[in-house]
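Visitor: Could you take me on a close look at the disulfides here? I would like to know which cysteines pair up and where they sit.

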Amino acid sequence: MRKHTFATALPTRLAALAALGLLITACGNEPTEVNAPAPDQTAPDETAEVELVIERSLSEEDALTPEEGFEEGEWTLTCAPAGGDHPDPEAACAEIADVGTEPFTLDTSDSMCTMQIGGPEVVRVTGHVNGTDIDTEFNKRDGCEIERFEEVHTVLNP
């Protein structure tokens, strides 16, 4: 009678597990139609539709000084073509093309952030970017919000 030791049984078991993994992975991954074209994987359009209202204000924190050049007021920004009364619409549109909608839709309320205040700047942004409705506030009340503000700095404070 032949004895199976751990050393001889292990490779057989590993081979069986690998085959089972391939079988499971392959199930359900077949195209629905033979020679079906791949889904469209084109890059996002850099001239995608952007229409924003940017309302800039200062919080009630008297002890904080806003960064140089920050002024209260309202601007509009459109892209494709770049326009509106934003001071630098071309640069703002290029920044939005680079970062997409994430800074405008990111919710940091449940994030662990550094406890720091970067300034009294508050910017409310409404409108839409690439088909996504935008209604958000940018501020500098903690580390996460400061980072989010900096991601679209050219849009908020060129």
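Guide: Happy to, and here is a walk through the disulfides, one pair after the other. This is a predicted model, in which local features need pLDDT of at least 70 and side-chain atom pairs count only at pLDDT 80 or more, while totals for chains, interfaces and linings use all residues. Residues are numbered from 1 along each chain as its sequence is written, and side-chain values use heavy atoms, with hydrogens and water left out.

As for confidence, pLDDT (the predictor's confidence in each residue, from 0 to 100) has a mean of 78 over the protein chain, and 69% of the residues reach 70 or more.

Searching the whole structure gives 2 disulfides, a disulfide being a pair of cysteine sulfur atoms within 2.5 Å. In one of them, the sulfur atoms of C79 and C93 are 1.9 Å apart. This link is left-handed, with -95° about the S-S bond. It connects distant parts of the chain, 14 residues apart: C79 belongs to strand β2 (residues 73-79) and C93 to helix α2 (residues 89-99). Helices (H or I, at least four residues) and strands (E, at least two) are DSSP runs, numbered from the N terminus. C79 and C93 are both buried, where buried means under 20% relative accessible area, exposed over 50%, and partly exposed in between (1.4 Å probe, protein chains only).

C113 and C144 form a disulfide too, at 1.9 Å from S to S. C113 is in the loop between α3 (102-105) and β3 (121-129) and C144 is in helix α4 (residues 143-151), so the bond ties together parts 31 residues apart in sequence. The link of C113 and C144 is left-handed, at -100° about the S-S bond. C113 counts as partly exposed because its relative accessibility is 22%, whereas C144, at 19%, counts as buried.

Counting bonded cysteines along the chain, the pattern is 1-2, 3-4.
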